[in-house]
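Reader: I am new to this structure. How do I read its features, one at a time?

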Amino acid sequence: MLNIGNKQKRVDGPQKVTGKATYAADIASPFYHAYVLQSTIACGSITAIDTSAAEAFEGVKGIFTHKNLPERLKNKVDYTDPLSPPGKPFRPFYNDKILYNGQPIALVVAQTFEQARYASKLIKVTYEEKKFKGSLSDNLKNASADRAPEPASNRGDFKKAFKNSDYTIIREYRQSRNYHNPMEPHATSVEYKSDGSLVVYDKIQGVASSLKYLNGVFGLGADRVQVKSDFVGGAFGSGLRPQYQLFMATLAALELKHNVQMVMTRAQMFSFGYRPEVIHTMKLGCSKDGILKALSHKTVGETSTFEDFNETIVDWSGLLYKCDNVNLEYELTPVQSYTPLDMRAPGGVSGVYALECAIDELAHEAGIDPLEFRRKNYVDYDQNEDKPFTSKELMACYARCEEVFGWKNRKDLSKTEPHLLKGYGMATGSWEALQQPASVSLSMNEEGTFTIKCATADIGTGTYTVMSQIAADKLGVSIEKIKFMLGDTAFPDSPIEGGSWTVSSVGSAVASVCEKFKYRIADIWKRNNPDYQAVAFEDISFQKGKLEYGSKTFAFTEIMQQASKEELSIAHSESPAAGQNTHSGYAHCCVMVEVTVDKDLGIIKVPRLVNVSAAGKIINPKTAENQLLGSMVWGLGMALREEGMVDTRYGRVMNANFAEYHIAVNADIHDIHTEFVEEKDDKVNPLGAKGVGELGIVGLAAAISNAIFDATGKRLRKLPMLLDDVL
Ligand code: MOS
């Protein structure tokens, strides 16, 4: 009955496809609906705000602005959440100051969504505008290392080694701003109970984040508010921090003593976090035979005026290849925008994009095949941290990817059409394999059904499914006997679902609580069966809901009956494995791509993408492949489509819609192949599993960029790469 490693279908699949899965805006209570009015300037203050016409409009129940912020929210209020970076979090309606274009400045609550939206247009606002600089490029002078997280330590003597290198490159790479755009928009439904307590259904990657925020801002402890989030329709980091609709809906519910729901529009989804625009300067040097001697990676990124965004970009360049002379620098500069926010493989996507383009350029300078170049500079030790890896099967990824893609004979194999240029590119990808503390509870009822609870989330990744698999496997019962419940502050604590650490953190806790259950049920069995008192635990096995000893079997339910117990409950808190300290844990991949470029029209297409990953034990190859596919599609979107455009005169996102903010669609996607190589890891966590939610997007944009160079001879050192860039 081994379940780990099965291509188990999603246990929540039927709920999702029949509409029974309830997302934050699917709660059926009678709600008032809330709609925000957003500022049309980026910097300055509100001099007057006239809400009288809106107040008089049909169905309007209340209007909130900085003018009527409840007194208790004015002082000593903590607006932080567990992921707040250094600085001061944005406080909605706190005062008349405008910090960014699109800032929520008024909330209209009405009987219907349409009434609220229409009434919001009747509000008259006058501003006093202040001058500001709206883009990263405009603000480079203010870039400072003091505002940015400190990179890994420099090592060796970069300058000297660079000077002594046989081949060197100095290159600049730029990436534009990207917005998350999950399918489900951000939404919060607040039920106001007769005793004044709240049940909050929030779109969030971890209910504990919402609870901390509500406690800090409104003083609502777990006794007065329960936060729930059964299903999340994608988030990719946008739900790591509570977004302003949580504040809005809660404020309105408390003040109006009524249920309130707020659902953001697609355009409003562009009024909070994003993957920041960054500029990388890469300096690399190698010897004649392609040994990397010197590497410098400096990145300047944007942040808001009120928080210093925290992500790790340049460290990846000190990690991926062996190099003894490394210089890493990272600076942030404030722009008149909201604070950036983690987005799928935050930092890694950006840092590795620049690194993997630069490595390709250096290999080209040295006249060495890019795959060979990477093999020559392979490292099996984390030089940043001075630690061994828990495991690293990247060489096997290179070998398998080379074979599946047909890298060696790629040029011979290519059929060319007269109007198309063909090119091939590759890159290495990597992502952290972290483990966080996590707690779970398990109970078995008299029918032998197990309920396992944890406050974690399922943001579409398959948490319900893989946790059920792990439990079924460890308990020796069929998966139908497992009910895994998540997304509720009433459940045991969990880390947010992010960082690709849910399987390793929550999954390890689930495995351990199942182990505890087996000891407990064996104990009960022994206590009630004097003949077996001396039996060693090791001589017992557990299968099909039964304890087996020799040729005898005892159903879990019988053992319970015999002990006159109706339910057996066990709690467990799992701490990260020792290997998390003594070793460095990373998943790795190799990606190879084929592109075509239309000679006359410049249209870039990607007919083939191959990713071979090493990510430890794969709990569910089906959901793991889903994660790889999704992240690769996004990597392609990042490379060729996505560009958040800001009109720097107004600090306004100009393309806050799907017509003008282009994401990869079906027509962009052709042949994608993913595979996992075997990777045994007994240090990273008890399951030996590494997360795969973020891995597939890392390196992909570089591989496409490198393939475009191969096809056209042009290096496009920017993202996205557009058809006019190749013409
Ligand atoms: Mo991920 S950016 O940690 O949701």
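Author: Start with a pair of strands. Strands of a sheet pair through backbone hydrogen bonds, either parallel or antiparallel. In this predicted model, strand β22 (residues 546–549) is joined to β23 by four bridges, and the two run antiparallel.

Reader: Which residues stand opposite each other in β23?

Author: L547 faces F554 of β23. E548 stands opposite T553, also in β23.

Reader: How many residues lie between β22 and β23 in the hairpin?

Author: Two residues lie between them. One residue in the turn to look at is G550, with a positive phi of about 60°.

Reader: In what order do the strands of this open sheet come?

Author: Read it as β21-β22-β23, three strands with antiparallel pairing. The edges are β21 (540–543) and β23 (552–555), and each of these pairs on one side only. Neighbouring strands are turned by 25° against each other on average, direction ignored.

Reader: Which helix packs on this sheet?

Author: Helix α12 (residues 502–528) does, touching β21, β22 and β23. The direction of α12 makes about 115° with that of β21.

Reader: Now the four-strand sheet. What is its order, and what is its pairing?

Author: The order is β20-β19-β18-β24, an open sheet with mixed pairing. Its edge strands are β20 (482–485) and β24 (568–574), each paired on one side only. Here the average turn between neighbouring strands is 15°, direction ignored.

Reader: How many bridges join β18 to β24?

Author: Seven, and strand β18 (residues 438–444) runs antiparallel to β24. Within that pair, V440 stands opposite H572 of β24.

Reader: Which strands does helix α11 lie across?

Author: Helix α11 (residues 463–475) lies across β18, β19 (450–453) and β20. Helix α11 runs at about 135° to β20. Helix α12 packs on this sheet too, touching β18, β19, β20 and β24. The direction of α12 makes about 140° with that of β24.

Reader: Let me step back to the whole chain. Into which domains is the chain divided?

Author: Watch for split ranges. Domain 1 covers 32–131 + 182–265, and domain 2 covers 278–434 + 581–726. Domain 3 is 436–575. The centres of domain 1 and domain 3 are separated by 40 Å, taken over C-alpha atoms. Their contact takes 19 residues from domain 1 and 14 residues from domain 3.

Reader: Next, backbone angles. What should I look for?

Author: Know the usual case first. Most residues other than glycine have a negative phi, and most peptide bonds are trans. F93 has a phi near 60°, a positive value in a residue other than glycine. F93 sits in the loop between β3 (60–65) and β4 (97–98).

Reader: Which two residues does the cis peptide bond join?

Author: L719 and P720, with omega at about -5°. P720 lies in the loop between β30 (718–719) and α17 (723–726).

Reader: Last, the surface. Which residues make the nonpolar surface patch?

Author: L601, I603, L723 and L727 make a patch of about 360 Å². To find L601, go to the loop between β25 (586–598) and β26 (604–614).

Reader: Where should I go back to for practice?

Author: Return to the hairpin of β22 and β23. Find the turn with G550, then trace the strand order β21-β22-β23. After that, place α12 on the sheet.

Terms used:
Residues are numbered from 1 along each chain as its sequence is written. This is a predicted model: local features need pLDDT of at least 70, side-chain atom pairs count only at pLDDT 80 or more; totals for chains, interfaces and linings use all residues. Side-chain values use heavy atoms; hydrogens and water are left out. Patches are made of residues with over 30% relative accessible area and no salt bridge: like charges are joined within 9 Å, nonpolar side chains (Val, Leu, Ile, Met, Phe, Trp, Tyr) within 5 Å. Accessible areas come from the Shrake-Rupley method with a 1.4 Å probe; for residues, only the protein chains shown count as cover. A salt bridge is a side-chain nitrogen of Lys or Arg within 4 Å of a carboxyl oxygen of Asp or Glu. Two strands pair if DSSP finds at least two bridges between them. Axes are lines fitted to C-alpha atoms, for helices over the stretch in contact, and angles run from 0 to 180 degrees between N-to-C directions. Contact means heavy atoms within 4.5 Å. Domain bounds come from an automatic or database domain assignment.
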